[in-house]
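Welcome, and thanks for taking a look at this one with me. Please have the sequence and the 3D view open as you read.

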Amino acid sequence: MCEFVDHLEMSKCLEKYKNSDHLLCNVPLHHLMTYLFTDNRISIGHKHGIHILKRMAKCEIIKLFKIHDDIYKHEFVTVFHPYKQISSYERYLKYCETQKTQVNNISDSKQPESLEVDCT
């Protein structure tokens, strides 16, 4: 299983990810749009000169990219990274660590106020 990382021109992509474990793919954009979040769709649209509104329906966006894919040949590739699923136990350990850090931060910030005693 992989997760989406980026969508770049081929030359920039080869430069940026040449010695990494990233996977470079030429995925038709209208297929890719189904699996991306809105911000990623908009970003990729801008790179290809396609104006996408935030409230545009997914099916409308897919149609725009289908038309774009049919008309233009582009030199862009999509970058994926192998996705490592975290086990429940690993997630629990990470949660405990964040809770411990938060408790330490709170106790450090709340130092006891000095008590003043008037002996007169």
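Here are some numbered points to help you find your way around.

1. **What kind of model this is.** Please keep in mind that this is a predicted model. The mean pLDDT of the protein chain is 83, and 84% of its residues reach 70 or more. Confidence is highest in α3, with a mean of 92, and lowest in helix α5 (residues 88-109), with a mean of 74. As a general caution, predicted coordinates should not be read in detail where pLDDT is low.

2. **The overall layout.** The protein chain holds five helices and three strands. If you walk along the sequence, you will meet them in the pattern β-α-β-α-α-α-β-α. Of the contacts in the protein chain with a separation of 6 or more, 67% are between residues 24 or more positions apart.

3. **Surface and interior.** The protein chain has 120 residues, and buried ones make up 22% of them. Its accessible surface comes to about 9,800 Å², and carbon and sulfur atoms account for 56% of that.

4. **Helix α4, a good place to start.** This helix covers residues 58-71, which is 14 residues. From first C-alpha to last, α4 reaches 20 Å, close to the 20 Å expected at 1.5 Å a residue. Its buried residues are Ile 61, Phe 65, His 68 and Asp 69. Looking down the axis of α4, you will find these buried residues within an arc of 100°, so they line one face of the helix. It helps to recall that an α-helix has 3.6 residues a turn, so residues three or four places apart point the same way.

5. **The two sides of α4.** Which residues are exposed on the face of α4 turned away from its buried side? They are Lys 63, Asp 70 and Ile 71. On the buried side, the cover includes α2 (29-32) and α3 (38-47).

6. **Helix α3.** Here the buried residues are Arg 41, Ile 42, Ile 44 and Gly 45. Seen down the axis of α3, they fall within an arc of 165°, so this helix too has its buried residues lining one face. Among the elements covering them are β1, α2 and α4. After α3 comes Gly 49, which has a positive phi, near 75°.

7. **His 30, between α2 and α4.** His 30 is found in helix α2. Is His 30 buried or exposed? With a relative accessibility of 14%, His 30 counts as buried, because the cut-off for buried is under 20%. Its side chain makes a polar contact with the side chain of Asp 69, at 2.9 Å. Setting aside neighbours within four places in sequence, His 30 is in contact with Ile 62, Phe 65, Lys 66 and Asp 69. Asp 69 and Phe 65 are two names you have already met among the buried residues of α4.

8. **His 68, another histidine to click on.** His 68 is found in helix α4 and counts as buried, at 8% relative accessibility. Beyond its neighbours within four places in sequence, His 68 is in contact with Leu 29, His 48, Ile 50 and His 74.

9. **Phe 4 in the strand β1.** Phe 4 lies in β1, which runs over residues 2-9. This residue is partly exposed, with a relative accessible area of 22%. Not counting neighbours within four places in sequence, Phe 4 is in contact with Leu 36, Asn 40, Ile 44, Thr 78, Val 79 and Phe 80. Ile 44 in that list is one of the buried residues of α3.

10. **Two loop residues.** Thr 34 sits in the loop between α2 and α3 and is partly exposed, at 34% relative accessible area. Leaving out residues up to four places away in sequence, Thr 34 touches Arg 41, Lys 58 and Ile 62. Thr 34 and Cys 59 are 25 residues apart in sequence, with 8.5 Å between their C-alpha atoms. His 51 belongs to the loop between α3 and α4 and is exposed, with a relative accessible area of 56%. With residues up to four places away in sequence left out, His 51 touches His 46, Met 56 and Leu 64. From His 51 to Ile 61, 10 residues apart in sequence, the C-alpha atoms are 9.5 Å apart in space.

Terms used: Residues are numbered from 1 along each chain as its sequence is written. This is a predicted model: local features need pLDDT of at least 70, side-chain atom pairs count only at pLDDT 80 or more; totals for chains, interfaces and linings use all residues. Side-chain values use heavy atoms; hydrogens and water are left out. Helices (H or I, at least four residues) and strands (E, at least two) are DSSP runs, numbered from the N terminus. The expected span of a helix is 1.5 Å times one less than its number of residues. Buried means under 20% relative accessible area, exposed over 50%, partly exposed in between (1.4 Å probe, protein chains only). The arc is that of the directions from the helix axis to the C-beta atoms. Contact means heavy atoms within 4.5 Å. Accessible areas come from the Shrake-Rupley method with a 1.4 Å probe; for residues, only the protein chains shown count as cover. pLDDT is the predictor's confidence in each residue, from 0 to 100. A polar contact is a pair of N or O atoms within 3.5 Å; within protein, one must be able to donate a hydrogen and the other to accept it, and residues adjacent in sequence count only if both atoms are side-chain atoms.
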